[in-house]
Amino acid sequence: MKETRSIITMTDLIALGIITVIYTVIAFTRLGYMHAPHTSYSFTEQGDVMLDLGEEKAVGGIWNYLGHQNNPKYNLWYWDGREWIAVFCDAVYEDGTIDSSGCWDAGSVFCWNYCDLGITAQYLYISASADNYADSILELVLTDSEGQTITPINSQQYEALFDEQDEFEGRSSAMNGTYFDEIYHGRTAYEMINHLVCCENVHPPLGKEIIAIGVLLFGMNPFGWRFMGTLFGVLMIPVIYLFAKRFFKETWISVAAALLFAFDFMHFVQTRIATIDVFVTFFIMLAYYFMYCYLQTSFYEEKLSKTFVLLGLCGIAMGLSWACKWTGIYASIGLCILFFAQMLKRYREYRHAVLHARGTKKYICNNFKPLFWKTIGFCCVFFVAIPAAIYILSYIPFVDGTDRSLLVKVIEAQKTMFGYHSALEEGHPFGSTWYQWPIMYRPTWYYSGAIGDLREGISAFGNPLVWWVGIPAAVYMLHLSIRRKDKKAAFLFIGYLSQYAPWLLIKRVVFIYHYFPSVPFVVMMITYTMYRLANAKQGKWKKQMQTGIWLYVILAIGLFALFYPVLSGLPIHPEYAEKYLKWFDSWVLLDTWS
């Protein structure tokens, strides 16, 4: 039986607008600077550099802000008044081979990197290592033992290296540079824009192309490469609100769902870092939303074209998820199960109509087969051909350094991806296994920094009042699906399991952020549980349950406020984290060194 459609009222629009605006302000606050060094100098192309400090000075260290080339190596000598002394240098052996292990490794891309020198000199000489095939340094800063900037008197001779000294604030931070896997995804977005060979080739390219839009809008700076992910994180809130409103048809529980998702820790952290997980999760949410909308229709009762619109949007969203990350394929399994369950329902209606062929039943008898096969044919296009086309076309901006055709480039890229993920056995100190994710045994520590006695940290994990409550909620959905034949519970549990269950088979190192695509289903399972409890009885009981639910939501928001510093990188005293935030020994949220 077709359900009564939910209607978005003015109250819904106001509530959704308020939640979205508040979250947008929080999400874009302290996202990152909108400026960074951008003029580039290449030692391999523009030559060696000899810096004149004017007189002998104590040089404590050297900072650099790299461009798109990761870990370039350099030779560095200084003049002590009598001879050139090598601080870092290639080693040339008698057989002519060169060992660059003793060179200066300039560090990671698009962030400030420090190298300790501790020398006294007037002249410094820097050249590219024999290992370098290309390099890109956007700025150099020399500092004395007190951290004060030293400007060479011939800095204008190497203008690109010293023209943006005001960008240096004395340290590297999440506000002024890349952190965690941004060094791959943010960098690749830049390379796509500039038609350079793409460094990150172990995931499909669409997510990096979306990141590139933010770079084109705001420049290659932290705000620019994080903008699109944060925007998609904001857009997730209307999606889950609309999902909940169609699911529950009541405003109050839709508001609860939107708030729980908006203030889940993982949603906040994972959408503010320039990686691709936010995009695959967004498109998975859209795909399941459109599939749910389709499941509420019947090709016996509505125009076939109207059902095709919903199926088509679902297929397109699914294809976009594929093109962001292979985990989108996991979602396809659940979508396939849900679709064919719907077709089985239509077939049973047909069989029943055959046995009772009268009135409207005759219409079903006469139209099931043509409607069924038209729908299957449509799905072959929108769930196979179009997603495949989206996936292939997403490789157009991807540069692999060859002149191969697009199709060959795509095929070779799949081989690279599969080879990388199947052979990856190296562990990671913040890796965790699938069964540890819901209990949040090991958050992934993304960033640490220090300002005097204060410490900064960013960690990816869930809101305890969401993730922990999600465990019994999932069990309850399974119970409702099997014992009560509850189709709504089955829909949510299938969606949840399609994202979570495949990780049981993955042997490579994995992280808690791989649970992110499951979080929207966790929130929906929790709110469905609350909804059923509130509607189990009427009158005073329902009001008391609704009061309890709102208290639970407020507490979840309160936890977000409590943990906000270690989700955003806000400087705090280490004692605050140790006393209030480190609930378990396995939670590393700050570097508490002094």
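Here is a walk through this structure, from its overall build down to single residues. Keep in mind that the model is predicted.

Let's start with the whole thing. The protein has 594 residues, and 57% of them count as buried. If you follow the C-alpha trace along its principal axes, it spans about 105 × 60 × 40 Å. Along the way you will meet 18 helices and 11 strands. How much of the contact in this protein links residues 24 or more positions apart? Looking at contacts with a separation of 6 or more, such residues account for 78%.

Now find the strands in the early part of the sequence. Take β7 (residues 112-128) as your anchor, and look for β1 (residues 49-66): the two pair in the antiparallel sense over 12 bridges. To pin down one of those spots, find Gly-61, whose bridge partner in β7 is Asp-116. Strand β2 (residues 73-79) also runs antiparallel to β7, and six bridges join β2 to β7. Here you can pick out Trp-77, which stands opposite Tyr-125 in β7.

Stay with β2 for a moment, since it has another partner. β2 pairs with strand β3 (residues 84-88), again in the antiparallel sense, over four bridges. Which residue in β3 is the bridge partner of Trp-79? It is another tryptophan, Trp-84. Together β2 and β3 form a hairpin, with four residues between the two strands. Take a look at Gly-81 in that turn, which has a positive phi of about 105 degrees.

Next up are the salt bridges. A search of the whole structure turns up 13 of them, and three make good stops on this tour. One joins the side chains of Asp-277 and Lys-325, with 2.6 Å from N to O. Asp-277 sits in helix α9 (residues 277-295), while Lys-325 is in the loop between α10 (304-324) and α11 (327-355), so this pair ties together parts that are 48 residues apart in sequence. Are these two residues buried or exposed? Asp-277 is buried, and Lys-325 is buried too.

Another stop is the salt bridge between the side chains of Glu-302 and Lys-306, at 3.5 Å from N to O. These two partners fall into separate classes of exposure. Glu-302 has a relative accessible area of 12%, and because buried means under 20%, Glu-302 counts as buried. Lys-306, at 46% relative accessibility, counts as partly exposed.

For the last stop of the three, go to helix α11, where Arg-346 and Glu-349 lie three residues apart, about one turn of the helix. Their side chains meet in a salt bridge of 2.9 Å, N to O. Arg-346 is buried, with a relative accessible area of 4%, whereas Glu-349 is partly exposed, with 24%.

While you are in α11, look for Ser-332, which is found in that helix. Its relative accessibility is 12%, so Ser-332 counts as buried. What does Ser-332 touch, leaving aside its neighbours within four places in sequence? It is in contact with Met-318 and Trp-322.

Further along the chain, find Tyr-420 in helix α13 (residues 406-423). At 37% relative accessibility, Tyr-420 counts as partly exposed. Now try locating His-203 as well. Tyr-420 and His-203 are 217 residues apart in sequence, and from C-alpha to C-alpha they are 9.9 Å apart in space.

Finally, let's look at the empty spaces inside. The structure holds four cavities of 30 Å³ or more, and the largest has a volume of about 110 Å³. That largest cavity is lined by 15 residues, and those nearest its centre are Arg-30, Ala-174, Arg-272, Ile-458 and Ser-568. The elements that give two or more residues to this lining are β11 (454-460) and α17 (540-568). What kinds of residues make up the lining of the largest cavity, by class? Eight are nonpolar, three are polar and four are charged.

Key. Residues numbered from 1 in each chain as written. Predicted model: local features only at pLDDT ≥ 70, side-chain atom pairs only at ≥ 80, totals over all residues. Heavy atoms only, no water. 1 Å grid on protein atoms, 1.4 Å probe; cavity = no way out; pocket = protein on both sides within 12 Å on 5 of 7 lines; lining within 4 Å. Points joined across faces, edges and corners; volume = space filled by probe spheres on them. Nonpolar A, V, L, I, M, F, W, Y, C, P; charged D, E, K, R; others polar. Pairing = 2+ DSSP bridges. Salt bridge = Lys/Arg side-chain N within 4 Å of Asp/Glu carboxyl O. Buried < 20%, exposed > 50% of the residue type's maximum accessible area, 1.4 Å probe, protein only. Contact = heavy atoms within 4.5 Å.
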